[in-house]
Amino acid sequence: MPATTQQLKCSLEELRNLMELRGAEALQKINEKYNGVEGLCSLLETDPINGLPNSKAELDRRRLIFGKNEIPPAPSKTFLRLAWEALQDITLIILMISALISLGLSFYNPPSETVTDPNEHSAGWIEGVAILVAVIVVVLVTALNDWSKEKQFRSLQSKIETEHKFSVIRGGEAKDVIVSDLVVGDIARVKYGDLLPVDGLLLQSNDLKIDESSLTGESDLIKKSPDTDPVILSGTNAMEGSGKILVTAVGVNSQTGIIMTLLGSTKAENPSKANSVVPEEQINGVKYDSRRCLGNLLKPIEEESKLAKSILQEKLSALALQIGYIGFVVAGATVVILILKFCITKYVINQSTFQTSDISYFVNCIITGVTVLVIAVPEGLPLAITLALTYSVKKMMKDNNLVRHLDACETMGNATAICSDKTGTLTTNRMTAVQSYINEKFYKDAAPKYEQLEEKTRKLLVDGICINSGYSSQVLEPDKPGERRTQLGNKTECALLGFVLDLGRSYTDVRKAHPEQSLLKVYTFNSMRKSMMTVIERPGGGYRVYTKGASEIILSRCSYILGAEGSVTPFTEKQQEAMTRNVIEPMASDGLRTIGLAYKDYVPIGQNAEINEVFYENEINWEDEESVRTGMTAIAIVGIQDPVRPEVPEAIKRCQKAGITVRMVTGDNINTARAIATRCGILQPGGDFLALEGKEFNERIRNMDGSVSQEKLDAIWPRLRVLARAQPKDKYVLVKGIIDSKHSKNREVVAVTGDGTNDAPALKKADVGFAMGIAGTDVAKEASDIILTDDNFTSIVKAVMWGRNVYDSIAKFLQFQLTVNVVAVSIAFIGACAITDSPLKAVQMLWVNLIMDTLASLALATEYPTEDLLNRKPYGRTKSLISRTMVKNILGHAIFQLAILMAILFWGDKFIPGVVNARGMPPSAPPSRHFTIIFNAFVLMTLLNEINSRKVHGERNVFKGLFTNPIFCIIWVITLVAQILIVQYGGAWVSTAPLTLVQWGFCIGCAFATLVWGQAILQFYRMVNPFAFGQGEVKPTSILVTGDYEQPAGFLVKDGDKRTGQHLWLLGLTRLQTQMRVVRAFQSNTAFSHPSSLTTSTAERLRESYRRLQIARELEGRKMWFYLTFFYSTEVYTSYMAII
């Protein structure tokens, strides 16, 4: 190994010591010892322009010397460790202790006692051993599930890591590689939004600003440049600008790796290895980062552990706590009653003395009580959630949803609102320049010919586009005729570069004449600037500034414009308004994004200058951005088309049908945004919706002191559908306001999409944050919960389906488990009160618990989602997890099963052939067929009720989709077979006696009666209350879809209330008024309105009329149409008379 290290002139230790320095100190050492970063490149045998050779042998050699760019994860828990953790459950501990005591007492035979039945004593140990075996089975199954869950988590984490790529230059070509493939000596390209995976030194930068708060705790952005502070650290974020770095440390030797090693999350490395760093040396050597950063890194970890639970977890925690309390009370009462009855019967009535064997009975009472508690406590809920989530997450990957946070999956099922970006999500993000305005000529159909343009204008246009764009943005010509060009990098820049190609020019030729390192200054695009500027030196002396950005913003900075024949003319405010009206708005109305192009020339004093050129005498202060960007000369306006994805309108329609409001938040022009929103179906004709610009939005929601008023926001967001020219802060304010609002009954659950670095606050604040996998920055991805690997809105709809499926899976499990809980606890308690023993023995109840928790979790949590899930409104934040339909099913089936079991318990010996009464038998008696039939009938009814539980919204066909879920079928059959074996061959181990065919037939009949009873419950409640929403709550109303409306008092009544004659009269009169308003609106405007347009007042009245008509139709459709015949005929006659 040492021989290999000497092949390079710079060692790992030397680089590690160098990366401990900062700022001026680091710069001084680099210049003095290495003669600059280029000198260090020479020592590392790296070409600063072309990078490393793209050779596997060379890359492997560097990994051998400097290590891989991987931080080994903490070792996963072994199966034995998971089993030990499962054993820590307090109820299982009590059961084991009780079983051991019972087992010990079974071998103790006091000489003073007379044993009447030697076989009874010899079999006394069986119950204790059986309970221990049952506990071991439960522990092993739990550990197996935990092991499987952890394995899936590891797989998910690996998938997330392989999605993270970084741009490097190898062999003179730029390429994206997985971050784990980066090596020391690579030339990497840093761009806006990158999460830096390695340490490095800057070779070149353009307005690069880094967020180092994860390491230093300082929130201010740090400006980086090769001349001031060239040190770039892993784990930090590039918030602005771009640059190229020389990679100097990777993996455990990078700053992130050192800190993670100090935290103990990496495996201990062998100190003798050359590519390792000894933790002790790190602690002694690091002067700046490790100790200080350790606190900064631990802080978010601590905060993470204190994060609020997800919506479903909160509801389930509260429910489990309530059930646990009830179970504890019932279990305690069962133990007390059993012991009291025994003591009163033996010591008071029979006047017997205390014997040592009585202790065994007391222990058995405790075992029974604890077993009741085991059944009552829904410890299967966490398992059900985990199984449903991990199953869904695995399947969601195939639907282009990479879930980073598991709880986001179920939260998405509750989503009531989606705030979506436009570009790339609703549109294809394949941009093309289709219109342009150059030299006072509007080119609408195609790009102009290069020869048609004035000489000076065309050079400025082409150079401005090619130079003032990221050099990583490229457009590659197709390999075959008829295919599309390949766009790499920023899509807006690619559209402009494509425009250059359409002019017949080559952008690569321009860039060769102006290489990236020759650019004097670059002001990169960000959400605050809404523009990008690049400064170059003019051949004859002086400087030229090219700029591009949002057309309104660029024009507002222009004092001149290139007019007809390329003449420079002053650009006044009136001309700007005229251009906005005649050029920008028509482009925007066609759904185009409008980009303005401009330039500005600086010339030294003493040279001849045109009217638009600026003289300078001393050095120009390029940091004074305000003065640099004013006084520009407009070159052109380009309209870029980004077509709506063909599948998006249907996806949005599905969302609206599902009761989810879709809002579009974009940085584009309001007219562009409105046109795209209309095409997508977000804005609908006649809908009472709002489309606002960010500026107006802030004016409406803020108080005089600038603070956001929740009351004002509540007046806007229910009708807001489009927010244009939005800043990232506007998106955050909107999302926070909707989440915090108490305007809606069940509170809103908000999902947000974002791709930019500044979208991170909104993504973090949202209940579910979606980041774009293709166009999204690393910062946005880190802040998100789910990554859309195809950047497509339809994938969000699939996430909604999977989220609702998770919610329904939990609801199905709850419906099933709570029914079993009620029956098992009741039968044990009633048995304790009515007879001397519980009809269900401890081992039998543990078997029921295994069916109820583990096996049912697996079966019910693996249902596949269907389109029917989108036919109901979302649950919302505060709606109870257990619906009225579920309560009816739980109580109905529990009463039915209890009635059957009580009948068998008290009268089974009278109507079931071959059954002998076992109610009065002592607890030590051998197993009886009487109690075996109770156990068998209970389990079989539970199994058939598991099929009933597959439907929680009142659906009649409980078998629908049954055979599409093989896991459910397999587990159900295995459970049935196991029950048959237990009953027929379990014997004393599970306290069962073999049953005859007739007795089996009776149990099977009881089981199938459960299915019939389920249909009877459904029919009964439909007959009792045909208008109630308790039949499943699956159909959203149009009012929920289209927004909240103001309605006259008394106009709408609550669902289920009696419709009185007064309500019907109001309904008829409202429809009459609606028709009259429509007639009057047309009559009052036909004389003086333009035939193809409506005045503002008329349009407003028409919208109001249309809205009221929708509400009236909604109420009319609720099976009350026969009452309205008279009113309808009256309206028709009145409308006819009004027209005449």
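# Exercises on a predicted model

Helix 6 (79-86) and helix 9 (125-163) each contribute at least two residues to a nonpolar patch. The model is predicted, and the exercises below start from this patch.

**Exercise 1.** Find which residues make the nonpolar surface patch, and which helix supplies its largest share.

Solution.
- Step 1. List the members: F79, L80, I136, L140, L144 and W147 make a nonpolar surface patch of about 600 Å².
- Step 2. Assign the share: helix 9 gives four residues, the largest share of the patch.
- Step 3. Take one residue as an example. L140 lies in helix 9. Its relative accessible area is 41%. Buried means under 20% and exposed over 50%, with partly exposed in between, so L140 is partly exposed.

**Exercise 2.** State the strand order of the eight-stranded open sheet, and explain why one side of strand 8 and of strand 23 has no neighbour in the sheet.

Solution.
- Step 1. Read the order: the eight strands of the open sheet run 8-27-26-25-9-22-24-23, and the pairing is mixed.
- Step 2. Look at the edges. Strand 8 (401-403) and strand 23 (690-693) each have a single partner strand, so one side of each is left without a neighbour in the sheet.
- Step 3. Add the twist, which averages 20 degrees from one strand to the next.

**Exercise 3.** Describe how strand 22 pairs with strand 9 and with strand 24, and decide whether the residues of strand 22 are buried or exposed.

Solution.
- Step 1. Recall the principle: strands of a sheet pair through backbone hydrogen bonds, either parallel or antiparallel.
- Step 2. Take the pair with strand 9. Strand 9 (residues 417-420) and strand 22 (residues 661-665) are parallel and share four bridges. I418 has V662 as its bridge partner, and S420 stands opposite M664.
- Step 3. Take the pair with strand 24. Strand 22 and strand 24 (residues 720-724) are also parallel, over two bridges. Here the bridge partner of M664 is V722.
- Step 4. Check the cover. Five of the five residues of strand 22 are buried. T661, R663 and V665 are on one side, V662 and M664 on the other, and both faces are covered.

**Exercise 4.** Determine how the buried and exposed residues of helix 26 are arranged around the helix.

Solution.
- Step 1. Name the buried residues of helix 26 (residues 694-701): G694, F697, N698 and I701.
- Step 2. View the helix down its axis. The buried residues of helix 26 fall within an arc of 95 degrees, so they line one face.
- Step 3. Turn to the face directed away from the buried side of helix 26, where K695 and E699 are exposed.

**Exercise 5.** Compare three salt bridges by their distances and by the cover of their residues.

Solution.
- Step 1. Note the total: the whole structure holds 43 salt bridges.
- Step 2. Take R16 and E20, whose side chains meet at 3.4 Å, N to O. R16 is buried at 7% relative accessible area, and E20 is buried at 11%.
- Step 3. Take K77 and E85, which meet at 3.1 Å, N to O. K77 is partly exposed at 34%, as is E85 at 31%.
- Step 4. Take R950 and E863, with their closest N and O atoms 2.8 Å apart. This pair links distant parts of the chain, 87 residues apart. R950 is in the loop between helix 34 (929-948) and helix 35 (966-985), and E863 is in the loop between helix 32 (842-860) and helix 33 (884-911). Both R950 and E863 are buried.

Terms used:
Residues are numbered from 1 along each chain as its sequence is written. This is a predicted model: local features need pLDDT of at least 70, side-chain atom pairs count only at pLDDT 80 or more; totals for chains, interfaces and linings use all residues. Side-chain values use heavy atoms; hydrogens and water are left out. Two strands pair if DSSP finds at least two bridges between them. Axes are lines fitted to C-alpha atoms, for helices over the stretch in contact, and angles run from 0 to 180 degrees between N-to-C directions. Patches are made of residues with over 30% relative accessible area and no salt bridge: like charges are joined within 9 Å, nonpolar side chains (Val, Leu, Ile, Met, Phe, Trp, Tyr) within 5 Å. Accessible areas come from the Shrake-Rupley method with a 1.4 Å probe; for residues, only the protein chains shown count as cover. A salt bridge is a side-chain nitrogen of Lys or Arg within 4 Å of a carboxyl oxygen of Asp or Glu. Buried means under 20% relative accessible area, exposed over 50%, partly exposed in between (1.4 Å probe, protein chains only). The arc is that of the directions from the helix axis to the C-beta atoms.
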